[in-house]
Amino acid sequence: MPSLAVIGHPVAHTRSPDMQTAALAEMKLAGEWTYGAIDIEPESFEVEVAELAAAGDYAGVNVTLPHKEAALALADEASEAARAIGAANTLTFRDGQIAAANTDAGGVLRSLPIGLFGIGAAGAAGGGDAPRRRALVLGAGGAARAAIWALAHGGEGAPDAEGNPTRVPAFEVDVWNRTPERAETVAGELGGRAIADPVGADYALIVNTTSVGLHGEDPFEHLPIAAADLHAGQVVFDIVYGPEPSALLAAAEAAGATTIEGLEMLVQQGALSLRIWTGEEPSLEAMRTGARRA
Ligand code: ATR
């Protein structure tokens with residue numbers, strides 16, 4: 001009976017077990033697979049994960065804060081995204097080996113709405129010499145690293161209504177951060193361009209990866225955009241899961257923009273992890289419902 005879990009510190013408030021268990025139930029795997037939560041302190045992370053991998057009953061784990069860099073470091077092999085971003089959120093245990101992947105990157109692309117940005121049937125998007133759309137990433141932490149790399153490269157989008165694969169074209173990515181040096185570093189490493197004074201209205205996509213708004217801060221006081229910059233035809237994505245709707249998304253919606261909340265990011269990265277372990281595409285609707293219930 002393969003076990004799965006999310007490892008974090010702390011891990012008490014994670015929504016992943018409810019979300020992944022709902023997906024496993026919908027896939028008719030709930031009798032076979034289980035998904036739990038394990039709190040592991042940073043000092044013992046490497047030893048405890050090695051023990052889990054060796055014991056044989058775990059098929060893999062999701063890894064969340066503060067372990068994502070350590071998860072990559074202990075793996076025997078790693079996906080291109082995990083290596084480029086320098087962090088892993090998904091470990092797979094097989095034949096005594098540990099494989100690392102970063103589904104946060106794919107989760108960003110799969111959160112983008114099908115039908116916008118030329119996202120459609122695989123092979124149809126981003127063709128020819130169409131100019132790249134512009135994306136603004138706010139922040140320079142771990143979530144920003146995944147977003148910058150994913151958007152600068154493009155890749156697989158969410159499956160369409162018929163379950164067919166879609167492609168997301170690459171964006172031209174500008175990166176703003178409160179501490180500008182960090183923006184320079186992550187942009188240089190991951191394929192973006194640091195920007196000090198972005199004009200919010202110029203971007204097709206704005207992705208907030210900062211913690212601004214999680215504790216009631218006014219986004220327009222702390223971030224380099226004004227409510228008046230937001231407009232119809234734009235997509236605004238608040239990647240961090242927090243109070244709903246965030247003040248940023250509420251303003252974006254009022255301006256007629258398309259909004260994506262952090263819960264969708266949680267669902268999409270989790271769906272990709274589950275697909276790695278089970279080989280099947282889980283039901284996103286079941287996962288959304290499970291995550292909301294948690
Ligand atoms: P992550 O959780 O993605 O790994 P992190 O490393 O904790 O992120 O970083 C949080 C991000 O939120 C950083 O980009 C941080 O900016 P600094 O690099 O300048 O610290 C940003 N952030 C946090 N509070 C902020 C605030 N009040 N105004 C603007 N940015 C803020």
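These are my notebook entries on the sheets, helix contacts, salt bridges and unusual backbone geometry that I looked up in a predicted model.

**Entry 1: the parallel sheet**

I began with the strands and found an open sheet of six, in the order β12-β11-β8-β13-β14-β15, with parallel pairing. Its edge strands are β12, residues 193-194, and β15, residues 258-260, each of which pairs on one side only. At the β12 edge I looked up the pairing itself: two bridges join β12 to strand β11, which covers residues 172-176, and the two strands run parallel. Within that pairing, Val175 stands opposite Ala194 of β12.

I then asked which strands helix α6 lies across. Helix α6, residues 142-153, lies across β8 (134-138), β11 and β13 (205-208), and runs at about 170° to β8.

**Entry 2: the antiparallel sheet**

A further open sheet has three strands in the order β7-β10-β9, and here the pairing is antiparallel. The edges are β7 (120-121) and β9 (155-157), each pairing on one side only. Between β9 and strand β10, residues 166-168, I noted three bridges, with the strands running antiparallel. For Gly155, the bridge partner in β10 is Val168. As background to both entries, I note that strands of a sheet pair through backbone hydrogen bonds, either parallel or antiparallel.

**Entry 3: α5, α6 and a salt bridge**

I returned to α6 to see how it packs with α5, and found their axes 8 Å apart at an angle of about 60°. The two helices are therefore oblique to each other, and α5 passes α6 in a right-handed crossing. On the α5 side the contact is made by Asp104, Ala105, Val108 and Leu109, and on the α6 side by Ala146, Ala147, Trp149, Ala150 and Leu151. Sorted by class, this contact has eight nonpolar residues, no polar ones and one charged residue.

My search of the whole structure for salt bridges returned 12. One that I followed up is formed by Arg110 and Glu156, whose closest N and O atoms are 3.8 Å apart. Why does this pair tie together parts that are 46 residues apart in sequence? Arg110 lies in helix α5, residues 103-111, whereas Glu156 lies in strand β9, so the salt bridge links a helix to a strand across that interval of sequence. Strand β9 is also an edge strand of the three-stranded sheet.

**Entry 4: helix α11 and its two partners**

Next I looked at α11, residues 284-293, against α10, residues 262-278: the axes come within 10 Å and cross at roughly 125°. That angle makes α10 oblique to α11. The crossing of α10 past α11 is right-handed. From α10, the residues in contact are Leu263, Glu264, Leu266, Val267, Gln268, Gly270 and Ala271, which meet Leu284, Met287, Arg288, Ala291 and Arg292 of α11. By class I recorded seven nonpolar, two polar and three charged residues in this contact.

I then checked helix α1, residues 16-26, against α11, and found that their axes come within 7 Å and cross at roughly 145°. Here too the crossing is right-handed, with α1 passing α11. Asp18, Met19, Gln20, Ala22, Ala23 and Glu26 of α1 meet Ala286, Met287, Gly290, Ala291 and Arg293 of α11. The classes in this contact are six nonpolar, two polar and three charged. Reading the contact lists together, I see that Met287 and Ala291 of α11 meet residues of α10 and also residues of α1.

**Entry 5: backbone geometry in the loops**

Finally I went through the loops for backbone geometry worth a note. The peptide bond from His9 to Pro10 is cis, with omega near 5°, and Pro10 sits in the loop between β1 (3-8) and α1. A cis peptide bond also joins Leu65 and Pro66, with omega about 0°; Pro66 is placed in the loop between β3 (58-63) and α3 (68-74).

Which residue has a positive phi although it is not a glycine? I found Lys28, with phi about 60°, in the loop between α1 and β2 (34-39). Helix α1 is thus flanked in my notes by the loop holding Pro10 and the loop holding Lys28.

Note on methods. Residues are numbered from 1 along each chain as its sequence is written. This is a predicted model: local features need pLDDT of at least 70, side-chain atom pairs count only at pLDDT 80 or more; totals for chains, interfaces and linings use all residues. Side-chain values use heavy atoms; hydrogens and water are left out. Two strands pair if DSSP finds at least two bridges between them. Helices (H or I, at least four residues) and strands (E, at least two) are DSSP runs, numbered from the N terminus. Axes are lines fitted to C-alpha atoms, for helices over the stretch in contact, and angles run from 0 to 180 degrees between N-to-C directions. Angles under 35 degrees count as roughly parallel, over 145 as roughly antiparallel, 65 to 115 as roughly perpendicular and the rest as oblique. A crossing is left-handed if the near helix is turned anticlockwise from the far one by less than a right angle, and right-handed if clockwise. Contact means heavy atoms within 4.5 Å. Ala, Val, Leu, Ile, Met, Phe, Trp, Tyr, Cys and Pro count as nonpolar, Asp, Glu, Lys and Arg as charged, and the others, Gly among them, as polar. A salt bridge is a side-chain nitrogen of Lys or Arg within 4 Å of a carboxyl oxygen of Asp or Glu.
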